[in-house]
There are 2 protein chains.
Amino acid sequence: MIGSGALIVGLNAVIVAVDEDAPQLLVVPSGEGAPALPFGPFDPKTHRTFEIGLREWVSEQAHFQLGYVEQLYTFGDMGREAPLAELTGTDGARVISIGYLALTPDTSNPPEGGGVWRDWYRFFPWEDWRSSEPAVIASVIAPALRRWADEAGSPGKREARRDRIRIAFGLDGMTWNEERVLDRYELLYEVGLVPEARRDRGEADAAPAGMGEAMASDHRRILATAISRLRAKVKYRPVVFEIMPERFTLSHLQRVMEAIVGYPLHKQNFRRALDRSGFVEGTGRMEARTGGRPAELFRFRREALREGPASGLATPRLNQS
Amino acid sequence: MIGSGALIVGLNAVIVAVDEDAPQLLVVPSGEGAPALPFGPFDPKTHRTFEIGLREWVSEQAHFQLGYVEQLYTFGDMGREAPLAELTGTDGARVISIGYLALTPDTSNPPEGGGVWRDWYRFFPWEDWRSSEPAVIASVIAPALRRWADEAGSPGKREARRDRIRIAFGLDGMTWNEERVLDRYELLYEVGLVPEARRDRGEADAAPAGMGEAMASDHRRILATAISRLRAKVKYRPVVFEIMPERFTLSHLQRVMEAIVGYPLHKQNFRRALDRSGFVEGTGRMEARTGGRPAELFRFRREALREGPASGLATPRLNQS
DNA sequence: CCTCCTTATGCTCAAAGTGAGCATTTATAG
DNA sequence: CTATAAATGCTCACTTTGAGCATAAGGAGG
């Protein structure tokens, strides 16, 4: 039973690293089998700030030191308790959780405590447009969404649904906006295309295949929020360098950016913009294992932050194929 | 187990409207005299979501219907309780507050319940660069900050402080970045230049004059967060129209944008960009009371949201004077 | 050593977008 | 009828983008 409004605040961390080709996410096993985001309670008595609390239990639980950390959003919709109860052992109380995004350059360090690194596109297959439009969209998502739009009660609602679909997934001539990760997930959830939706409604039948791996509770929603934020942020603040090693080649940096934004970049134009930004400087050293001409190793110029109105990196989309 | 420290979640609303020349903020009186943001507790038993809770008590307290609402940030640093206790009558418990930004077009509606509309630059005089660089910066802020930098223990720290100052206030050749409202407020707080800093530290001596009106608790920090967010957001999402009336002249729209971003815009270029964006369309009707040639009344084209990758309005800065 | 393949880097060109400012039009106030 | 105040129109030089072609420098295979 809910006491006199018992409230528990949980802290959720979306911990991201990028391993050349795949954006990696730290997940921990949960009771129900579905992976979960690292989760820890906020203790009002001992934690002076949320961030301190977060760093503390992440270092305890995952033996992992967080670097860059940023608050995402506070989730508190009713109905999240049931699935959360198992995770936290806090039956009955209202749980609200504050999501955080953390970036780290090291995936080498396999976190202890049961956590594992997982490609985030495993949870969002429709978000990876690097090689081409993900097949699930045409084969599963678009048809199911259109069916849902057709089922709407009135012609007005039908149009509203169609618009939402067009905007979220860039269908019918609209361009794909990679930042709408959360919009897309919420739409899929509402339409019942992701396993979590069926689970939360207590429905027995399974969601269609190919819709990504489910996560515990509403963690996939939190992850979607994190991806949206990160995809937007790399463009207006040089946060990518938080997940780059000390030295890197420009191709490596490009692959990391592509892994994040989810689409291929035009190499020459990416470099030109990078060059103008002044964010990187050559070290003179070379990386030989490229399989072709050796590439120069670059380094992030921290001073650049003090020079201009620190923006992010350009992401010139590569068109065609 | 989870610390059983009592936790209370409060909801704070930064409710903004723009009255032609001044961005208006809804404030309520607080016990200590300093104005406060409308504040209400989140009731875990009856409020299904935060937003519902927020709308509910705003409509109860201020007899005011909120339109556009967006979550800002969750504040929970320890040390906010003392000043908050008076406001909320919740002594002893740890209070965390979730800040929301709400936009509304109507200031005509003078809110009941003791709330009043106040120009937000009253609380942030140094943020208003519309007519010229605010005098306080050169007369009070810059000298005090430089003094603070000079007092640093080591040369390294001194440089770090100087950098922070340069970046936050755009001094020494750096350009003023209007979005760093929160950075600036936090710097001023840390240095002790705003009344709240002295109050929170229990110091008796007053902060320098001209540093804006203090607010209750950490409300000025929340307001700074809101301004930062809004200034950034108008540029990448057409949220301005949430505070515009149904019909408006382009000059009116420009004045509202200027009120928000805090600097003057280049009229012709602003219009050209607006025109290209397709966000507005002429209605054919005219507004006569301009004091010069009558201006056409325009209207927001909601459909525009469905056409492009909905961005915001351009803010071409007007240089010189 | 020579040739082919692969990835890194350089450079060019046209189209689009920006920053500044001059020029016209249409009211209102003497 | 004239001076003023805004609203609108339009130009021009300069940057920034979008697309691609061209060259350079390793390794692998003959």
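**Exercise 1.** Which residues in α3(A) are buried?

*Solution.* Keep in mind that this is a predicted model. Start by finding the helix: α3 of chain A runs over residues 135-150. Now look along it for the buried positions, and you'll land on A:Ile137, A:Ile141 and A:Leu145. Next, a bit of helix geometry: an α-helix has 3.6 residues a turn, so residues three or four places apart point the same way. Last, check what sits over these buried residues: the cover includes α4 (155-169) and α5 (181-191) of chain A.

**Exercise 2.** Find where α3(A) bends, and by how much.

*Solution.* Begin with the length. The helix has 16 residues and spans 22 Å from its first C-alpha to its last, close to the 22 Å expected. Then follow its axis: at A:Ile141 there's a bend of about 35°. Read on a little, and within four residues you meet a proline, A:Pro143.

**Exercise 3.** Work out how chains A and B are related.

*Solution.* Lay chain A on chain B: a turn of 180° with a shift of 0.0 Å along the axis does it, at an RMSD of 0.0 Å. The two copies are therefore related as by a two-fold rotation axis. The same surface serves both, as 87% of the contact residues of chain A recur in chain B.

**Exercise 4.** Describe the surface near DNA strand C.

*Solution.* First, the count: 22 residues surround the strand, with A:Ser251, A:Gly292, A:Arg293, B:Gln268 and B:Arg293 the closest. Elements giving two or more residues include α8 (250-261) of chain A, while α9(B) gives the largest share, three residues. Finally, sort by class: six nonpolar, 12 polar and four charged.

Notes. Residues numbered from 1 in each chain as written. Chains lettered and ligands numbered in written order. Predicted model: local features only at pLDDT ≥ 70, side-chain atom pairs only at ≥ 80, totals over all residues. Expected span 1.5 Å × (residues − 1). Bend = angle between axes of the 7 residues up to and from the residue. Buried ≥ 20, exposed ≤ 12 C-beta atoms within 10 Å, placed from the backbone. Contact = placed C-beta atoms within 7 Å. Least-squares fit on C-alpha atoms with pLDDT ≥ 70 in both. Near = placed C-beta within 6 Å. Nonpolar A, V, L, I, M, F, W, Y, C, P; charged D, E, K, R; others polar.
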